[in-house]
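Biologist: I would like to learn how to read a metal site and the strands around it. Could you take me through one?
Modeller: Gladly; let us look at it together.

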Amino acid sequence: MQDNQELLNGIKELMHNTVYETLDAEAYGEICRKVNVSKMYYDIALDNPERYRDQTNGKLIIADEMRADKIILYDNGEETGLTLTYPYYYGDIEYVHAFIEFPKGVSKEDLDLEVYQMMADLIYVIVSRKNMRQMLDFAEISDPMTGIPNVVYIKRRYAEIIKEIPAEEVSVLFINLRNFKYINEVAGSKAGDEAMVSIAKKLLSLVDVRYEACCRLGGDNFVMLIRSERMEELSAQLRNLKISDLESAPNQVFKIACWVGVSDGKTGKNGVSDGKTGKNRVSITDRLNEAAAACNIGKGNLKKDIVYYDGELVRMMGDNRKIVAIFKPAVKNQEFIPYFQAKVDMTSGELVGFEALCRWIHKGEFIYPDRFIPVLDKEGLIHELDMAIFSATCKSIRSWKDMGYKPPRVSSNFSRKNLYVPDIEEKMISVIREHGLETSDVEVEITESVREADYERLIEFVGTLKKYGVHISIDDFGTGYSSLSLIHNIDADAIKIDKSFVDEVISEGKARILIESIISIANRLKMSVIAEGVETADQGRTLIGFGCNYAQGYYYSKPVDFETATGIVANPSFEPIGMAAFGDS
Ligand code: C2E
Ligand code: MG
Ligand code: MG
């Protein structure tokens with residue numbers, strides 16, 4: 001049996017040194033010699049090595065003295081015999097084995113096993129401390145959900161990269177995934193999580209880690225640092241991003257579309273070259289802001305997938321700010337007015353309704369909705385606009401009635417943002433009542449919802465308004481993702497087929513088949529269907545042939561002002577589209 005006192009002294013020393021962290025190979029050696037140990041090491045029993053892998057360089061993040069997964073603390077190089085093994089567990093995971101090996105000839109009976117158990121425990125403490133510190137370092141620079149780097153890392157990397165490459169040759173990309181929620185919706189949130197990891201790794205794989213980097217900012221936003229000369233190549237890759245073989249959605253391929261904003265390093269803070277280079281270039285924070293701003297404009301105003309932060313963009317941002325600044329006074333000044341576009345029964349030529357479309361007349365200048373609606377929507381101001389147009393529309397209907405006409409039902413557009421305005425339904429009803437109208441005099445157009453969260457609320461909103469007797473139509477039908485389940489779950493009166501389908505109705509393509517099927521389903525569900533953007537008689541005839549009799553489009557009338565619309569109300573008929581001529585022209 002061993003001399004216990006000597007062993008315990010050895011252990012004490014080990015403990016002491018562990019606490020003060022003065023242990024090095026030599027210190028281990030001294031102790032091991034004292035306790036007759038030839039080799040001492042631990043082996044991270046990696047059931048899941050990815051947990052310990054630095055995704056940026058593929059290295060395991062455990063100490064450098066590692067050989068494979070073993071970390072040798074001491075090895076006197078002599079042949080060993082008996083090995084004692086001590087496993088440890090973290091939850092259910094067998095996490096680390098301490099190994100103590102003895103010179104040949106030593107047997108268990110010669111040893112005080114309790115002492116070695118203590119020694120193994122100490123090794124465990126040392127390993128844990130070391131791991132934990134490395135994990136913390138890793139956590140500081142990595143995104144916990146996907147394991148790829150985070151923004152802290154990107155900022156550090158930027159500083160390193162611009163020491164090697166001029167800052168103006170490094171492009172900073174802000175990437176927002178376009179319809180990521182779609183994956184959650186169609187494949188479930190588990191697949192969504194998995195997809196996020198898969199997309200993150202995919203994006204990371206596109207960068208050359210020597211001079212480039214990629215990180216997840218959080219949510220569905222990513223940042224990339226790319227050498228500007230590679231932008232063309234990378235743009236093509238981003239436009240063709242696909243993920244597949246998710247465990248929870250096997251055999252499915254998801255095409256991932258993104259909105260990308262680029263600060264290409266050639267433009268300064270104001271979007272024009274500031275002549276500064278290298279260290280004097282705007283900071284990474286500024287460049288991230290530039291890229292994010294470009295991404296936002298691409299998503300909002302421009303509907304363009306890759307947008308550069310340049311002089312034009314800066315002007316546009318200025319205009320957006322101006323829109324926001326002058327919006328409220330403009331509402332007060334009644335600068336927003338509804339124009340009315342006729343909805344017509346193509347078979348009889350009868351006027352069946354109007355859609356109120358907003359126009360902004362500012363200092364005599366005409367501004368179209370595409371310029372300001374996305375800005376107001378984003379800035380949380382759209383509700384005010386929608387209510388102003390809705391009121392003005394009710395006022396117009398009132399006037400037509402007061403003139404002795406029987407105006408058709410008039411629809412107004414309501415942004416989905418209105419779904420979250422408290423008591424919106426009651427507010428709308430009081431506007432109708434204030435003008436002495438019936439709820440059946442108006443109609444509400446709302447676009448398809450993409451977000452699952454919106455969906456429940458949309459069902460409720462439509463249900464409440466319907467109870468009051470307000471008609472509802474689903475605008476831009478076919479452009480969202482939930483089209484079919486939407487008409488199944490939502491009790492709308494009508495669907496409006498988006499112009500993009502109508503444009504293709506006379507060509508022999510998929511759109512034609514889709515539109516025919518949509519009309520047939522809607523008819524069977526007793527919903528009415530109206531085609532938007534009908535511009536030719538041919539389109540009209542084809543639509544009638546498919547069972548859609550209602551249309552709205554330039555073929556009949558552009559959106560017109562109150563006076564012109566009054567003329568249409570006074571004489572509410574257009575030329576019917578004769579079916580006899582079907583296929584003739
Ligand atoms: P929308 O509700 O789908 O309205 C139809 C748009 O298509 C209108 O554009 C209309 O002028 C246009 N249009 C109709 N027929 C034709 C055609 O035959 N050919 C072509 N090329 N275009 C046609 P507009 O008035 O520029 O409005 C654009 C969008 O702005 C609207 O699309 C709607 O989403 C939104 N919007 C307009 N007014 C309001 C409003 O008061 N509130 C809200 N939230 N959105 C509004
Ligand atoms: Mg509409
Ligand atoms: Mg529409």
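Biologist: Let me start with one residue: is Glu-355 buried or exposed?

Modeller: Keep in mind that this is a predicted model. For burial, you compare the relative accessible area with a cut-off, and buried means under 20%. Glu-355 has 3% relative accessibility, so it counts as buried.

Biologist: Which residues coordinate the magnesium ion (ligand 2)?

Modeller: To read a metal site, look for the donor atoms and then for their places in the chain. Here the magnesium ion (ligand 2) is held by Glu-355 (OE), Asn-413 (OD1), Glu-445 (OE) and Asp-475 (OD), at 2.0 to 2.2 Å. Along the sequence, these donors follow the spacing E-x57-N-x31-E-x29-D. Glu-355 belongs to strand S14 (residues 350-362) and Glu-445 to strand S17 (residues 442-447), so this pair ties together parts that are 90 residues apart in sequence. Glu-445 is also buried, at a relative accessible area of 1%.

Biologist: Which residue coordinates both the magnesium ion (ligand 2) and the magnesium ion (ligand 3)?

Modeller: For a bridge between metals, look for a residue that appears in both donor lists. Asp-475 does this here, and the two ions are 4.1 Å apart. The donors of the magnesium ion (ligand 3) are Asp-475 (OD), Asp-476 (OD) and Glu-532, the latter listed with two OE entries, at 2.0 to 2.4 Å. Their spacing along the chain is D-D-x55-E. As for burial, Asp-475 is buried at 6% relative accessibility, whereas Asp-476 is partly exposed at 23%.

Biologist: Back to the strand that carries Glu-355. How many residues of S14 are buried?

Modeller: In S14, 10 of the 13 residues are buried, so the strand is largely enclosed by the rest of the structure. In general, side chains in a regular strand alternate between the two faces of the sheet.

Biologist: Which strands pair with S14, and in what sense?

Modeller: Follow the bridges and check the direction of each partner. Strand S13 (residues 336-345) runs antiparallel to S14, with 10 bridges joining them. The two form a hairpin with 4 residues between them, and Gly-349 in the turn has a positive phi of about 80°. Strand S16 (residues 409-414) pairs with S14 in the parallel sense over 4 bridges, and Ala-356 stands opposite Ser-412 in S16. Strand S15 (residues 365-367) is antiparallel to S14 over 3 bridges. S14 and S15 also form a hairpin, with 2 residues between them, and Lys-363 in that turn has a positive phi of about 45°.

Note on methods. Residues numbered from 1 in each chain as written. Chains lettered and ligands numbered in written order. Predicted model: local features only at pLDDT ≥ 70, side-chain atom pairs only at ≥ 80, totals over all residues. Heavy atoms only, no water. Donors = N, O, S within 2.8 Å, 3.2 Å for Na, K, Ca; no water. Buried < 20%, exposed > 50% of the residue type's maximum accessible area, 1.4 Å probe, protein only. Pairing = 2+ DSSP bridges.
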